[in-house]
Amino acid sequence: MKAKLLGLAAALAVALSAPASVPVKAQDSIFIPLPTYRTGPFAGSGTHIANGLRDYLTMLNERDGGIGGVRLEIEECETGYDTQKGVECYQAMRGRKPVVFNPWSTGITLPLIPLAAKDKIPILSMAYGLSAAADGNVFPWIFNPPDTYWDGASAIILHIANTEGGLDKLKGKKIGFVFLDAGYGREPIPLLEQLASKYGFELLKYPVPAQQMQNQSSTWLNVRRDRPDWVYLQGWGAMNPTAIKEAAKTRFPMDKLISMWWPTEDDARQTGEGAKGFMILNFHSARSDFPALNDIRKFVVDKGLSQVSSPDLVGTNLYNRGVYNSVLIAEAIRTAQKLTGKKVITGEDMRIGLENLQITPERWAEIGFANFAQPVKLTCTDHSGHTQLYIQRWNGKEYEQASEWFSPMTDVVQPLLDKAAKEYVAANQPWPERTEACATN
């Protein structure tokens, strides 16, 4: 009897000490807050991104047990794309030692830039935010891979020039710029003004206030009056489908309407046949047949852990945008773990991981995304990477690739980024000198 009791006691002790019975503690995990906006006038864009962001990281937890043996603690914070709410999310979560913060809004990113160094939390503003933050010497805690808005704007102008027969053919052309009248929409203007002066085209600006983005009839009447040769769209949320509809309504040629990389398939689909030919710039695939996406379906969607309203949404343009962002996070964590020798990393470690982030074609294939996107390489000085881009065209059912991959005008953009970084420092004195050592892989 005594032996039996001892056996039960031993079994109980084993059961109580078994890892499966112990909840994951915060210090045993890596905390990644996800500011999202699933509500409000920008939810049509934000929901897809939020799903992609969350599903990829959840898949790593479910399939691999996290990264490097450490589970990821994921928590959303609803911002409604409101800057004040976004800053409140940051303030509420910074005490929990997140390894990175993704504002998902240029407006939210800007007030966080001075706080990042103080709190030692890297800010990942993936392909948005302050373009000058690509300068790692000035902004060691801010990262905006794989391209800045200025890269994107230069690529759109370059595509227009190539279509017209060369950069010299831009002289005398009129290029309209329809933009959300907010920090995000205004970000490319300094570069566009420089390019207009350099290449001799006329830049016509059409700001759309957020409260009018679903009623753009007056904007497009002005476009029809001015008869620009091309229109470059920098819209977001409900502004994009409205702009496409109004462009079709005023008979603006769709093959002369080109957008920054944010429209969804639904944005174009809502205009029906009239949207055929509409173009967007992109830096990743909008296909759905990647092995890693199959793993998301298997380990997340099929298990009821995703918030997608339909499995068919896995692999759409902005869903993949959220996935791309989470791939950057995951690969930077792996890099930080390798460089520091730690499993549970800090924000300071993550900053080192981001500065040494490199995703080669072989690595993209290894993680189930062969030919999904171009290689990414960040350094201490270059926090963007300025990767190649391509043009997608709406064919009435889906976006199809309409150009080869091509580089933005980095020779033009880089000096302007350097100048803008210096101007930011001058306007925000005292701005701290970089003291962070440059760790290398």
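Student: In this predicted model, what makes H15 stand out in the lining of the second largest pocket?

Tutor: H15 gives the largest share of that lining, five residues. Helix H15 spans 410-427, and the lining includes Leu416, Lys419, Ala420, Glu423 and Tyr424. Helix H7 (189-199) also supplies at least two residues.

Student: How do you know that Trp150 belongs to the lining of the second largest pocket?

Tutor: A lining residue needs an atom within 4 Å of a pocket point. Trp150 is listed among the lining residues, so it passes that cut-off.

Student: What classes make up the lining of the second largest pocket?

Tutor: Eight nonpolar, one polar and three charged residues. Tyr counts as nonpolar, so Tyr424 goes in the nonpolar group. The volume of this pocket is about 240 Å³.

Student: And what about the largest pocket?

Tutor: That one holds about 430 Å³ of space. Of its 28 lining residues, Glu265, Ala286, Arg287, Gly315 and Tyr399 are the closest to the centre. Its lining has nine nonpolar, 11 polar and eight charged residues. Gly counts as polar, so Gly315 falls in the polar class.

Student: Which residues have the most contacts inside the largest nonpolar core?

Tutor: Phe139, Trp262 and Phe369, in a core of 146 residues. H12 gives the most to this core, 11 residues, and helix H12 (317-340) also supplies at least two residues to the lining of the largest pocket.

Student: Why is Phe139 said to be in contact with Trp431?

Tutor: Contact means heavy atoms within 4.5 Å. Trp431 is listed as a contact of Phe139, so this pair meets that cut-off. Leaving aside neighbours within four places in sequence, the contacts of Phe139 also include Leu130, Ala132 and Tyr424, which appear in the lining of the second largest pocket too.

Key:
Residues are numbered from 1 along each chain as its sequence is written. This is a predicted model: local features need pLDDT of at least 70, side-chain atom pairs count only at pLDDT 80 or more; totals for chains, interfaces and linings use all residues. Side-chain values use heavy atoms; hydrogens and water are left out. On a 1 Å grid over the protein atoms alone, a cavity is a set of points where a 1.4 Å probe fits but cannot get out, and a pocket is an open set with protein on both sides within 12 Å along at least five of seven lines; lining residues have an atom within 4 Å of a point. Grid points are joined across faces, edges and corners, and a volume is the space filled by probe spheres set on the points. Helices (H or I, at least four residues) and strands (E, at least two) are DSSP runs, numbered from the N terminus. A nonpolar core is a set of buried Ala, Val, Leu, Ile, Met, Phe, Trp, Tyr and Cys residues joined through side-chain atoms within 4.5 Å. Buried means under 20% relative accessible area, exposed over 50%, partly exposed in between (1.4 Å probe, protein chains only).
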